[in-house]
Structure formats: C-alpha cells, structure tokens
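Trainee: I would like to learn how to read the features of a model with two chains. Please take me through them in turn.

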2 protein chains.
Amino acid sequence: MSLEALKAEAGTAAVDRFVRSGMRLGLGTGSTAEKMLDALAERLASGALADVAGVPTSAATAARCGELGIPVLTLEEAGELDLAIDGADEIDPQLDLIKGLGGAHLREKVVAAAARQMVVVADESKVVSRLGERAPLPVEVIPFALPVAERLLRGLGWEPELRIDGGRPFQTDEGNRILHCRREEWVDPQALAADVSQVPGVVAHGFFLGFASAAAVATREGVRMLERPTAAP
Amino acid sequence: MSLEALKAEAGTAAVDRFVRSGMRLGLGTGSTAEKMLDALAERLASGALADVAGVPTSAATAARCGELGIPVLTLEEAGELDLAIDGADEIDPQLDLIKGLGGAHLREKVVAAAARQMVVVADESKVVSRLGERAPLPVEVIPFALPVAERLLRGLGWEPELRIDGGRPFQTDEGNRILHCRREEWVDPQALAADVSQVPGVVAHGFFLGFASAAAVATREGVRMLERPTAAP
C-alpha cells in the first residue's frame, strides 16, 4: 500500500473511532491530518456525522476546511474542545510526540491544550522507540531573537539549523522562524523541553509531552490503535 | 526631588558608571531607560564617550535613538553585547526582576540574554522585598492562544487580566497581547517562571531571574548602586 493510502487509512480510522456528532474538534495540519479532514468531510456529507465543527491549527487547514465544507470556529467561539486530531513527526511508546516539521506546532499545541483529548494520526514510519531518533526538534523563534536563541540553544547542547524553504527562511503563520534542532543525547525530554521553553525569543518547541491519549497508526497490516500507557503507580 | 528627576539621576549614574567607549549596548524601554538614553546622547555629543552603538529593545526606543543621534545596530550586526541597560517594574534583593509593564519585555529579555552584563536603572519605588509585592507579572501571549492561555494560567493559580490601552487590547511590537497576572503566593519565582514558560501560546513572561548584576537606584538621598549578592557557597 502506498504511503498516501496508509495516511488515508489512519485519518479515516481516527474519525470513525473518536469523532461523534455534536463534537467541537481541533483540526491538525499536515499530510495525514489532511486525510483526516477528507474523511470527516465525507462523513458529514453522508450524514453519518452531524453538527461537527473545528478549530483549524493553520491557515492551510482553514483553507482546506473551506474547500471541504467543514464548519470552522475560533478558539473563543469553541471554548473547550472535545477532541484534537493531528499528525506527528515522531511518536514514542508513551505517546509523547515531536511535532512541527509542518511548521504549525505553535497553534497545534494551543489547540491540543484546549482539547480534553488528543488523538494522533500517522503512518508507521513515525513510530520511534525514543524521541529524536530521526526527527529534529522544531523550535519557533521570533525573527528579532534568532542570533541569540541560536547561541543559547547551542549552549544547551543543541545544533540548531534555520529551516529554509525555496531558498528563503521559512515563515510561520505568526511570522516567526523555525530552527530545526538536533543533539546527541535525548535522554530526558521533559527536562529538555523545560530548558528550551526558557530560551528568550522561543515561542514554541515541538515536544508534545503528555498531550496524546491515543494514536491511529497505519501499518501495512492495517491500522493499529495505540493508547497511552497508564502512569506507573 | 521629582520622580522625573530621580529617574534622570539613575539613568545618568548608570551611563557614567558602566558605559565605556567602544561598547555595544542593549538599550531598554520605558521612562527611566529614556533618561538613560538622554544621558548617553549627551556623553556622545560632548565627546566623553565615543564609538558606542546599541540595539534598541522596542520601536519606541529605536525612534528615540534616531532623534537623539545614538547609533543603532541589529542583534545580528552587534553580536554579543557588552552591556544591557534597562528599567524594571520590581527589583528584589537578589536583583531578580519583574519587567514588562512597558509592554516590551520580550525583546528586552532577548537583548538582556545577548549581553554579558545587565544593569537596571530605576527609582526607589521599584525596590521590593519580594517579587509580586506590587506589580503583576506581564505575560505576552499570541492572540490566537488568548482564551486557552488564560484558562491554563488560572489553573496555575494566576489571575490574568488582559491589558487594555485606550479602550483596546494592548498590542506588542510582535503583534501579541499582554495578560497582567496576579496571584496570592509568589514564593518560588524560578518555579513560577518555568510553569508559565510552558503554557502553550505564551511568548514571554516578565520574570528576569539571574539577569541583572547591578542596579542604579535613585533615592531622595542620591543614587544607590546595588550589586547582585554572590550565591551562597
């Protein structure tokens, strides 16, 4: 099965398993989240779901919702969300995530925080045994702070690299830049996240720790539903 | 002596005590920082100081530098700064600060982090025995995140209040909003700062912990120079 088809399977499975009529959703960004939007629009058109509306996590997702006829709300209009559905760049066994290679993790994190539950949609290539295995940590930085944040991140053991798209620095929906940060040791993501959060000029980082409660992961053998292991007593 | 005159004394004392020819400075924002700019411009005009340039922490400070003929640099042009001079809203005995009632603490913190040393200029009304005694903590939030950040800050024990200026939400140089956050207990600013930093959508908070090494504080009996106490062994 093609990667595209796997992504569509994960997106459809998440909608069918977790979305109910009347829900207020957080709508993620990226290629797998797009497949989830397709499935959601299809269920709304068929009448299988009704009275569902969502808060888009990016201008791109908002535009796609418009094309597909999915009703959108602002966070203020929506209040607390029932469920956020979004992709991820890495998923570890605790369902801790790295996100942000799509460049939208600031709004994605706000929306995930607004939701009572977060479900991840992904293909199996995103499942890792520990965060940082393949993906860099995307860190969103205000343009003014770039040289300082870069130096401070190096001081914390990171190797930051400015994300370039089409020969120019990538710009987020908030007008910021992204540093893709790599490092040797990723032992304690919680501590790494706390340190990165405190670098002046950093607006958001791609660690999503303790957010996701489930993941629909498409494999060549079908969709696997992962759940967050309950914390050790 | 009037408050204005006290602020001018502190600004002048800081320039005369800490600024040397050839330095690259961080230039703060606010009414006392403005007095420091006046003194700096005066010393440059008289020839007492030469080859000094600074990185402004706000559009307002950049404009004032233009009027006064103080050469300005970007952070990228300046590299590491020798010294940042800025005001504060509260100064505790460790020279930990609350800043941001001027609405510019995001850039102020970036510039302070870019400097080898930070010196505070203030009048004695800003000296407190513990942070939070009088000032709220200004927290800068992206507009998209406002309802979520407000709810999460309440969950952390804060009472956030949107800063309004002239009947409309105040807008920072980065296009963000400010929440003035009050609380009962301010026991451990380091822990409070770490928690606030991790609220999604928070771009910067007004705690400046471990930044300032000295403060020029104008009192009715003259300018007192405070130094950060050395850490207990």
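**How the two copies meet**

Mentor: Of the interface residues of chain A, 100% are also interface residues in chain B, so the copies meet through the same surface. Contact here means heavy atoms within 4.5 Å. This is a predicted model, in which local features need pLDDT of at least 70 and side-chain atom pairs count only at pLDDT 80 or more, while totals for chains, interfaces and linings use all residues. Residues are numbered from 1 along each chain as its sequence is written, chains are lettered from A and ligands numbered from 1 in the order in which they are written, and side-chain values use heavy atoms, with hydrogens and water left out.

Trainee: By what turn and shift can chain A be laid on chain B?

Mentor: Two copies of a chain are related by a rotation about an axis and a shift along it. Here a turn of 180° and a shift of 0.0 Å along the axis lay chain A on chain B with an RMSD of 0.0 Å; copies are superposed by least squares on the C-alpha atoms of residues with pLDDT of at least 70 in both. That is the relation of a two-fold axis. In chain A, the C-alpha nearest the axis belongs to Val203(A), at 2.4 Å from it.

Trainee: How many residues does each chain bring to the contact, and what area do the chains bury between them?

Mentor: Chain A brings 30 residues and chain B brings 30 residues. The two chains bury about 2300 Å² between them, 72% of it on carbon and sulfur atoms. Buried area is the accessible area (1.4 Å probe) that two parts lose on being put together, summed over both. Of the area that chain A buries against chain B, 25% is supplied by Val110(A), Phe144(A) and Gln198(A), more than by any other three residues.

Trainee: How many salt bridges are counted between chain A and chain B?

Mentor: Side chains of opposite charge can pair when their charged atoms come close. A salt bridge is a side-chain nitrogen of Lys or Arg within 4 Å of a carboxyl oxygen of Asp or Glu. Between chain A and chain B the count is 0 salt bridges. The count of residue pairs in polar contact, both at pLDDT 80 or more, is also 0 between these chains. A polar contact is a pair of N or O atoms within 3.5 Å; within protein, one must be able to donate a hydrogen and the other to accept it, and residues adjacent in sequence count only if both atoms are side-chain atoms.

Trainee: Which elements give two or more residues to the side of chain A that touches chain B?

Mentor: Among them are helix H5 (105–114), helix H6 (146–155) and strand S12 (202–205) of chain A. Helices (H or I, at least four residues) and strands (E, at least two) are DSSP runs, numbered from the N terminus. H5(A) gives the largest share, 7 residues. The residues on this side of chain A divide into 20 nonpolar, 4 polar and 6 charged, where Ala, Val, Leu, Ile, Met, Phe, Trp, Tyr, Cys and Pro count as nonpolar, Asp, Glu, Lys and Arg as charged, and the others, Gly among them, as polar.

Trainee: How many salt bridges does the structure hold over all chains?

Mentor: The structure holds 32 over all chains. In one, Arg107(A) pairs with Glu174(A), the closest N and O atoms being 2.8 Å apart. Arg107(A) lies in helix H5 and Glu174(A) in the loop between strand S10 (168–169) and strand S11 (177–182) of chain A, so the pair ties together parts that are 67 residues apart in sequence. Another salt bridge joins Arg154(A) and Glu150(A) (3.8 Å, N to O). Both of these lie in helix H6 of chain A, 4 residues apart, about one turn of the helix.

Trainee: Is Asn176(B) buried or exposed, and what does its side chain meet?

Mentor: Buried means under 20% relative accessible area, exposed over 50%, partly exposed in between (1.4 Å probe, protein chains only). Asn176(B) has 5% relative accessibility and therefore counts as buried. Asn176(B) is placed in the loop between strand S10 (168–169) and strand S11 (177–182) of chain B. Its side chain makes a polar contact of 2.9 Å with that of Glu140(B).
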